[in-house]
Amino acid sequence: MNEHRSTTGRRPGIFLPHQEGDIGDFLKVFACTAVMVQPLLAQLVRLSTGPTQLGLAILDNLVKYTAPAFIFGILYTTIRTHSGAGVFNYRHYLRQQWAALFWPTIYWTSAYLLLLPKLQQEQHYHNWTSFAWQFVNGNAAPHLWYNTMMLQFIILMPCFWALHRLVGKRPQRGWVVAIGIALITLAWLALYQHLVGQNPSHWYLLDRVWVSFLIYAVDGILLVNFRRPLLKALLRFWPQAVVFTIASLAWMIVQMRGEWANLSVVSYYKFSATLYALGVISVVTIWWVVKQFGQWRGMHGVATYAYRAYLGNVFWQTLLWDWWGRQLATTHLWLALVLLWPATWLLAFGFAYLLHLIWGRRPVKQK
């Protein structure tokens, strides 16, 4: 098959092997790989004590950038792609996202609720009404809160496109937007800590409100608009970026106050975690530029399946844990970590690619 033939008539979301990955693709793959260890750490930390528990807690904080990085990557790639075309076709975009996000959300949420109902959060369904509520609010599995937020960004993409066009290449407008979004984020984090700190079970739905991760989306847009000067600044100040990121991580660890078994003490909505996520995004972006990962032909293809792999990763990890992971972890905890993490990655991405092959064999209707 000729890799460079026209994509006209192809099903949206089909991977073209010759396409190069961008910073957004790299961040999505990087974040998706890291996030797959978080559910595993939640299991392992309950089986550990002392220095081992501390090590697991530090590792959990180390990967607490994944959801922000994915939002950043999605917005960067989407805006960059459409900016090159000079137009944003919302209907066509939604058609693409139906195949890439909405349809996988439907079948994976159904799988969690019907096949692994023990993974539900907050409460369990007991009738069709509660089933529907668990289905849409992200409580079907521990990681689906993020999916509820992600879909909000997809639906609101025309607003972000409008912001991209409004800012353009005008640095003054870019500064106004950057400062404005920083102030909005500070206010939101303060409100979140006040409300959730008082009654976390009552306000848990705030976890999936799109405003929480707005700063990462807007930063992705600003990198598209001012790519050259921003990358130049990052490359110039990379040592400061690394120190800033390490200091933010240390702050997060200190905030745990020795509660190593409680991995939720430091959430994505702490000011320290927000700074850490921004630091990691900056450092990974610098790494991408220096190592020229954009020349990796397969990066775009792997990123195409990253979100679908993310949706299914807890399903596969739960099966592996129940089959042999728990037993192995009781005697060789670090070995269980080393084996379960890549095994989950392979199953999640492999199944996503398999479904893509099956879906791609369906005949495409000619218009």
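**Close-up views of a predicted model**

**View A. Ser272 sits in helix 13, which runs over residues 271–291.** This is a predicted model, as are all the views that follow. How accessible is Ser272? Its relative accessibility comes out at 0%, so Ser272 counts as buried, the cut-off for that label being under 20%. Leaving out residues up to four places away in sequence, the neighbours that Ser272 touches are Ser248, Trp251, Met252, Gln255 and Val266. If you're picking atoms to display around Ser272, those five side-by-side partners are the ones to label.

**View B. Helix 13 turns up again here, this time packed against helix 1.** Helix 1 covers residues 23–35, and its axis is 10 Å from that of helix 13, at an angle of about 120 degrees. Why is the pair called oblique? An angle of about 120 degrees falls outside the ranges for roughly parallel (under 35), roughly perpendicular (65 to 115) and roughly antiparallel (over 145), so oblique is what remains; that makes helix 1 oblique to helix 13. As for handedness, helix 1 and helix 13 cross in a right-handed way. On the helix 1 side, the contact is made by Ile23, Phe26, Leu27 and Phe30; helix 13 answers with Ile281, Val284, Thr285, Trp287 and Trp288. Sorted by class, this contact holds 8 nonpolar residues, 1 polar and no charged ones.

**View C. Helix 4 and helix 8 cross at roughly 65 degrees.** Helix 4 takes in residues 66–85 and helix 8 residues 157–167, and their axes come within 11 Å. The crossing of helix 4 past helix 8 is right-handed. Which residues do the touching? From helix 4 come Ile74, Leu75, Thr78, Ile79, His82 and Ser83, while helix 8 brings in Met157, Phe160, Trp161 and His164. The class tally for this contact reads 6 nonpolar, 4 polar and no charged residues.

**View D. Leu113 is in helix 5, residues 90–115.** Is Leu113 buried or exposed? With 0% relative accessibility, Leu113 counts as buried. Setting aside residues up to four places away in sequence, Leu113 touches Gln120, Tyr125, Phe131, Gln134, Phe135 and Ala140. Phe135 is worth a label of its own: Leu113 and Phe135 are 22 residues apart in sequence, yet their C-alpha atoms are 7.7 Å apart in space.

Technical notes. Residues numbered from 1 in each chain as written. Predicted model: local features only at pLDDT ≥ 70, side-chain atom pairs only at ≥ 80, totals over all residues. Heavy atoms only, no water. Axes fitted to C-alpha atoms, helices over the stretch in contact; angles between N-to-C directions. Helix = DSSP H or I, 4+ residues; strand = E, 2+ residues; numbered from the N terminus. Left-handed = near helix turned anticlockwise from the far one by under 90°. Contact = heavy atoms within 4.5 Å. Nonpolar A, V, L, I, M, F, W, Y, C, P; charged D, E, K, R; others polar. Buried < 20%, exposed > 50% of the residue type's maximum accessible area, 1.4 Å probe, protein only.
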